[in-house]
Amino acid sequence: MAPTEEDAAASAMARLEVTNGADDAAAAGDDDGDASGDDDVADDPAGAPSAAAKKKKKKKKKKKTGGGVGGAAGSGAAGQTAPPSIPVSKLFNGVYPEGEIQRYKDDNLWRETNEEKRELERLERNMYNEVRQCAEVHREVRKYISDWVKPGMKLIDVCETLENSVRQLIEERGLEAGIAFPTGCSQNHIAAHWTPNGGDTTVIDKDDVIKFDFGTQINGRIIDCAFTKTFNDKYDPLLDAVREATECGIRESGIDVRLCDIGEAIEEVMESHEIELNGKTYQVKCCRNLNGHSIAPYQIHAGKSVPIVRGGETTRMEEGEFYAIETFGSTGKGYVREDLECSHYMKNYDVGHVPLRLPRAKQLLGVIDRNFGTLAFCRRFLDRIGETKYLMALKNLCDNGIVQPYPPLVDVKGSYVAQYEHTIMLRPTCKEVLTRGNDY
C-alpha cells in the first residue's frame, strides 16, 4: 500500500536520529530509490509494472520534486513563483528538509549512536523544524535574487524585492516571524553593514562585487547567511578563495573545538589564493577584524566570535549552540574601518531602563520595542511603518546607549571584498549546516 502523507511526515521527523554520516545517508537513499524501482518491475513476470507499482513510483517522484517531506536541502519547493510569493508552509507538509549533516570528529563520534543524545534531539524537534523553515525561506529567496539581479538595477529596488519575498514566504507575524536584520548589499570595498537608506539611487554596475547578506527568523531563531554576486568572471578566484575558506571553517567547527583553531585553519586556506586584476596579482587577505559569531534567540551576536585569522580566543564551541560561520576575503589591506552614512541599528540586548528626557525619543523607543525588539533594523524599516522626522530621536537613543549604530565597514577604496556565510547548528549527535543549498 502506498504510504500516506501522515506516514511520510512521521518518517521525515524520524530522520532527526542520525546513525550515519551525510555521505552514508545520501548513498543509502539513492540505493533505496534504485532498489524500489527495480523491485516494482521484477514483480511482474512479463516485465510490465503493475498498477500498484505505477502508483507507488508516481507518488515517490512527487515527493522528490516537491522538496518537502524527505526532500534534499536546497532542492526548493515545486510551485513557487518568481519572484517568490507563496509561503513555504503551503508548499511543504509541515516538515522542512534538514540541512547538510556533517559528522563530528575523533572523540565525539560516540555521539551518533548515544541514546541519551538522540533523546535530546527528539525533545527539540519543533525548534529544529522552525529553523529549517527559516533556512528554506532563505534558500528560495536567494536563488531568485541571484538569478534575477543584474547591472542597471537600483540597489534599493533589489533590497525591497528581496525583503518583501521574505515577508511573504515566512508569513511575517511581528516579532514572531519575519526578517532578522536589514539586507546587506555592500559593494566592492564595502565589506558589511551597508543597505540603502530611503531615496538612495545607487545603481548596480557590471564590474561590482556585491555581498548579499540577509536573515530570517521564527520565534527569535535566526538564520544568517550571505553570498557574493558578480557579473564578471574575472572575480571568480576571489569568490573561490572565500567560499573555500568558509567551507573550511564549517568543517573545522564542532563541539569542544577551540575558536582560535578555526581561525588559523581559515587563514591558511584563504591566503593560499591569489587573483589577477588588470595585470596586477593580489594575494587574497582575510579581513582580520571581521568574525563569525554565535547566535541566540533574538540575539544575532550572542557573545562568542569565530575569528578568520590565527590568534583568537581559546574559548570552545559547545553542544546546542548556533553559529554564523562567515569569512571575508579582500584584495586590499584586509582590515576594515567604519565609514559612510549609517543605515543599520540595533537595540542593545542587555540594556536596562534608561531615563529619557526627549519625548520623541521615548515614543521612538516604544516603536522599536514593538516592531523590532532586539533584532537589527534600518531607516527604511522605520520609513515603512510610517515613522517620519525620527533622526534626532534616533541619535538620542544612540547617545544614551540604548540603541547601537552599525556604520558600514570598509577596506581601502579601489579594493574588492567578497563574503560567504552559513548558519550551523551543533546538535547533540551531529553538526547540521542549516543553510546549505544547491548554490553553495
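**Burial and overall make-up.** I began with burial, and I found that buried residues make up 51% of the 440 residues in the protein; I note here that the model is predicted. I then looked up the secondary structure, which comes to 12 helices and 18 strands. I also checked how far apart in the sequence the contacting residues lie: among contacts between residues at least 6 apart in sequence, 77% join residues at least 24 apart.

**Helix H6.** I next turned to helix H6, which covers residues 125–148. I reckoned with 1.5 Å a residue, which gives an expected span of 34 Å for the 24 residues of H6, and I found the end C-alpha atoms 35 Å apart, so the two values agree. I then asked myself how many of the residues of H6 are buried. The count is 17 of the 24, and because of this I wrote down H6 as largely enclosed by the rest of the structure.

**A sheet of three strands.** I followed an open sheet whose three strands stand in the order S3-S16-S12, with antiparallel pairing. Its edge strands are S3 and S12, the latter being residues 337–338, and each of them pairs on one side only. Looking closer at S12 and S16 (residues 409–410), I found two bridges joining these antiparallel strands. In one detail that I checked by residue, Arg 337 has Val 410 of S16 as its bridge partner.

**The second largest pocket.** I looked up the second largest pocket, and its volume is about 620 Å³. Its lining consists of 32 residues, and I noted that His 193, Asn 291, His 293, His 301 and Glu 326 lie nearest the centre of the pocket. Which strand gives the most to this lining? I found that it is S2, with four residues, while several strands, including S2 (177–187), S4 (209–218), S11 (322–330) and S17 (417–426), each supply at least two. S3 (190–192), an edge strand of the sheet above, is also among the strands that supply at least two residues of the lining. When I sorted the lining residues by kind, I obtained 14 nonpolar, 12 polar and six charged.

**Cavities.** Finally I searched the whole structure for cavities of 30 Å³ or more, and the search gave two. The second largest cavity has a volume of about 30 Å³, and I listed its lining as Gly 220, Arg 221, Ile 222, Ile 295, Ala 296, Pro 297 and Phe 322. By kind, the lining of this cavity divides into five nonpolar residues, one polar and one charged.

Conventions: Residues numbered from 1 in each chain as written. Predicted model: local features only at pLDDT ≥ 70, side-chain atom pairs only at ≥ 80, totals over all residues. Heavy atoms only, no water. 1 Å grid on protein atoms, 1.4 Å probe; cavity = no way out; pocket = protein on both sides within 12 Å on 5 of 7 lines; lining within 4 Å. Points joined across faces, edges and corners; volume = space filled by probe spheres on them. Nonpolar A, V, L, I, M, F, W, Y, C, P; charged D, E, K, R; others polar. Expected span 1.5 Å × (residues − 1). Buried < 20%, exposed > 50% of the residue type's maximum accessible area, 1.4 Å probe, protein only. Pairing = 2+ DSSP bridges. Contact = heavy atoms within 4.5 Å.
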